[in-house]
Amino acid sequence: MTNEAMLEIARNAVSLAKQKGATDVAAVARVKREVDVTWRDGKLEKITEATSRGLDVRLFVDGRYAVCSTSDLRPEGLASFLDNAIGLTRTLAKDPHRSLPDPALYSKATPEGLSIADPRIESITALDLRRTAQGMEEAARSVKGSEAILSVTTNGYHARHETTQVHSNGLEASFAGTEFSISADVSIKDDDGRRPEEGEYAYVRMYADLPDAASVGRRATERALARRGSKKGPSAVMPVIIDNRAAGRFVSYLLRPLSGAALQQKRSFLEGFVGKPFGSDKLDFADDPLLPKGLGTRPFDSEGMAARRLPMFEKGVLKNHYIDTYYGKKLSMAPTTGSSTNLAWKLGTKTQAALALDVKDGLLVTSFLGGNSNDATGDFSLGVQGFVIRGGKIAEPIAEMNIAGRHVDVWKRLIAVGNDPFVYSSGRAPTLVFDGLQVAGT
Amino acid sequence: MGHDLRLNRRQFIEMGASSIAAASASGFLLGCAGQALEKPTMAAAVPSADAPRVSYFSRFGVDEGMIRDALAEALSRGADHADLFFQHRVTNGLQLEDGEVNRAYTRVELGVGVRVVRGDQTGYAYTEELTREAIKRAAQTAAAVADGPARPGPTAFAVGSALPQRYALDVPWDGIKPAQKLPILDGVNAAIFKADGRIKKVSVAFMDEAGAILIADSQGRLVEDFQPMTTLYVSCVAEQGGRKETNGYNVAGRRGFDFYSAETVGRVVREAVARTTVLFDAVPAPAGEMPVVLAAGSSGILLHEAIGHGMEADFNRKGTSIYADKIGKPIAKPFVNIVDDAAQPYARGAINVDDEGNPAGTTTLVDRGILATYMHDSISAKHYGLKPTGNGRRQSYQHPPMPRMRATYMLPGPHEHDEILASVKRGIYCQSFSNGQVQIGAGDFTFYVKNGFLIEDGKLTRPIKDVNIIGNGPKVLERIDMVGKDLVIDEGGWTCGKDVQSVPVSQGIPTVRVSSITVGGQGDKPSGKG
């Protein structure tokens, strides 16, 4: 389906909904083309290839509001879909805070140089992905110690998304994005019957930014082999380093309570902190939707508001919330944007290895397992695995352990951040070092 | 942050309503809506003897000729098996916030997935265009997984014996007007505020869903099923002395409107209020290894994580599960029996037939302490030379099926609930949960406790909250040393995630004791005064 066809579908939905009695309408037409190839133990495991499409319509009818989405784009399907959706909307309570965004906030022109859509995707086939995946497995099995391998699964994936947005108060905009990923997961046999699995991956906007696939395969095996002999350590309060790949998960528990909905619904431990210190001065990042090649980069947000850089924490002081049009009105706050994009951290100067030397004795967390965080109170409790840090060096692996605390205390104990943003996630977190977290084990 | 690849590859479970909560935060996601939307209806479920075999989907122009063409194309490069999965699903949501039902969501999914299987290799493609040409193109794409001479497709289709009717509704959801649903949300809201003055915010999310599926395969099988679903999710925020706490309750099932009796709604209100306000008395949970007693019901999350995922046959076929090579071996006390059951009437995890068209019954995972059967889809069953167990499930037409749980629970055991509590000197009692996760190979798993109590000298004393429990599957199964008689299948809206795909599931368990497991609290071990 072409860009023009999707624009036509979105325009048509807007005008049809207006004819049928909607006061205002926002329509988003989406099309996605994806190819996903999984290779396992010497042969192809699964290949998925498809183009899918859908339409989301936000309806504002006589002061009432509903959101509808459909994958049934037949003209007869669309007409009855809108009839029913508008009828439904009329049964709801009025909501004076619902409206389309102020058109002054709409995107005027697509910013230059975002580099999020790679035309090269057209020339990369499922067969190319298959060869890449096969090569990753061979590399994974070439590592010393690979006789312990039980299974290697590798994957190549790419997708192209196109979003076309039409609003009845004067927005017509669209953008395309591509994504490419390669990954390898290795299961190995351990002495005690455990079959630890670890992996490595890369995830980028531009094909040329993918690392050498063989290095990803080798790294996956190295990571898996390092998990052998994992033990549970004693319960204690100790310094904890969170690896940059794992840190994004921990940071996301700061983002959830930053939403306007959380704030207005009293579900935010960050309420009242704007302009006040919340964490240590090392807690410092901005939301940057315009970062070239960023995985979260977008010219405008889901409401059509033009993207702009937003400081979130500066030297530990909270600067902004993620406020959309609706909760902005409810809170009498100016809208910023409703959701996070790329996080641009103020980085430290040291590598993870140098930070471990500073810490001397503690725990390096390389991944989280389950757990959760309470957005209203800031209590968290998270399963972890990783390594003991002893004498400043990475020592034996640990598993089946947990860290817990309260965000409002713990972020004050952020004593250092690394120079190493994890670029294969929009969170782009560096290695984080916390002084004195409660660790549970034996 | 939507862009974290790693998050997509986890095996986890969570309360299904969290996606609705996300929708309200980001403003754009889930679905809900109107009455006469071409909704799948039970009326089409029982075709008369001379009706065309494609009954429901004929309204979208789907016929047997189109299916035959597509299967022939799917087999054009010599596959072992091919199938088509047509789906039409309409989801309606209503949400109450700040005292008003002021937003609605509707989602319509219509499409077909084509799967081509050669050995244990899968080719998959899907399309939203239900035209002869579009489906043939998808079949051609999926067929690329094979590379042999064409095989003939079925010339006729047999509709198998009648499916069981585990969730037939007297009044289907398409017969219920939005105006009939609104009082449920308004009533819950009013009753909660009336029940306790400390409650400051209430949000209520109501969802109903009508789904139709049609599976046609290269063996000439043709199956249609109609799958209703509903959930009511309530969340409260309470304040006391400047402190805030939040919690809630939810119910779910393949139920109709009549599910929302005064009794059900009353239970939702009572539980939501009690589970929230008790948190003001909570003390920090301890940290370290200790005995843990799991309350009957949603503690079945332990089974889901500690053994359920590890018993999904795909991980065992690949040799990556900690349970690979353990069939026939003792793994728990002889009074431990665990099943995965498609047949629980009206359960959220119930199915009449799986998403490959295979009959779905009860799979015994652990029989008197012995590891009995993996959960299979057709690919793993063929690999092991067994019959499929009806565990082949998928999120939607956009995904190929794989072995998944349905309703996973432990059968009643020999102990009394009070006897189990009395046996613990210092430990914790876990009552309600929000989510869990497992590593299939290492066997480590977690589940997050929202409500619980300290156990001191055999008695429940002070409440605890927000604490993760972490253990290792086989080790924890060995340490289940008491099992109560009081099995409860939880009524909550659980959703299980695996390889990007979410499916509705149920879980249950009697009161059980685990002699030792790690509790991830913020405090020291229970001090044990008195």
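Reader: What makes strand E3 (residues 64-70) of chain A and strand E3 (residues 100-118) of chain B a pair, and which way do they run?

Author: Keep in mind that this is a predicted model. Five bridges join E3 of chain A to E3 of chain B, and the two run parallel. A pair needs at least two bridges, so these strands count as paired. For one place to look, take A:Val67, whose bridge partner in E3(B) is B:Tyr105.

Reader: And how many residues does each chain bring to the contact?

Author: Chain A gives 86 residues and chain B gives 83. On chain A's side, the largest share comes from strand E2 (residues 43-61), with eleven residues. By class, that side has 29 nonpolar, 39 polar and 18 charged residues.

Reader: Back inside chain A, why are H1(A) and H2(A) called oblique?

Author: The axes of helix H1 (residues 3-19) and helix H2 (residues 75-90) cross at roughly 50° and come within 10 Å. Roughly parallel would take an angle under 35 degrees, and roughly perpendicular starts at 65. The angle falls in neither range, so the two helices are oblique to each other. The crossing is right-handed, by the way.

Reader: Which residues make that contact, and how do they divide by class?

Author: H1(A) brings A:Ala13, A:Leu16 and A:Ala17, while H2(A) brings A:Leu78, A:Ala79, A:Leu82 and A:Ile86. Ala, Leu and Ile count as nonpolar, so the tally for this contact is seven nonpolar, no polar and no charged.

Reader: What makes E10 and E11 of chain A edge strands?

Author: The open sheet has four strands in the order E10-E9-E8-E11, with antiparallel pairing. Strand E10 (317-318) and strand E11 (343-345) each pair on one side only, and that puts them at the edges.

Reader: How do you know that E8 and E9 of chain A pair?

Author: Count the bridges: three of them join strand E8 (residues 285-287) to strand E9 (residues 310-314). The cut-off is at least two, so they pair, and they run antiparallel. A:Phe285 stands opposite A:Phe313 in E9(A).

Reader: Where do domain 2 and domain 3 of chain A lie along the chain, and how many residues are in contact?

Author: The domain assignment puts domain 2 at 119-226 and domain 3 at 236-440. Their C-alpha centres lie 25 Å apart. Twelve residues of domain 2 are in contact with eight of domain 3. On the domain 2 side, the elements giving two or more residues are strands E4 (149-167), E5 (171-188) and E6 (197-204) of chain A. That side has eight nonpolar, two polar and two charged residues.

Notes. Residues numbered from 1 in each chain as written. Chains lettered and ligands numbered in written order. Predicted model: local features only at pLDDT ≥ 70, side-chain atom pairs only at ≥ 80, totals over all residues. Axes fitted to C-alpha atoms, helices over the stretch in contact; angles between N-to-C directions. Parallel < 35°, antiparallel > 145°, perpendicular 65-115°, else oblique. Left-handed = near helix turned anticlockwise from the far one by under 90°. Contact = placed C-beta atoms within 7 Å. Domains from an automatic or database assignment.
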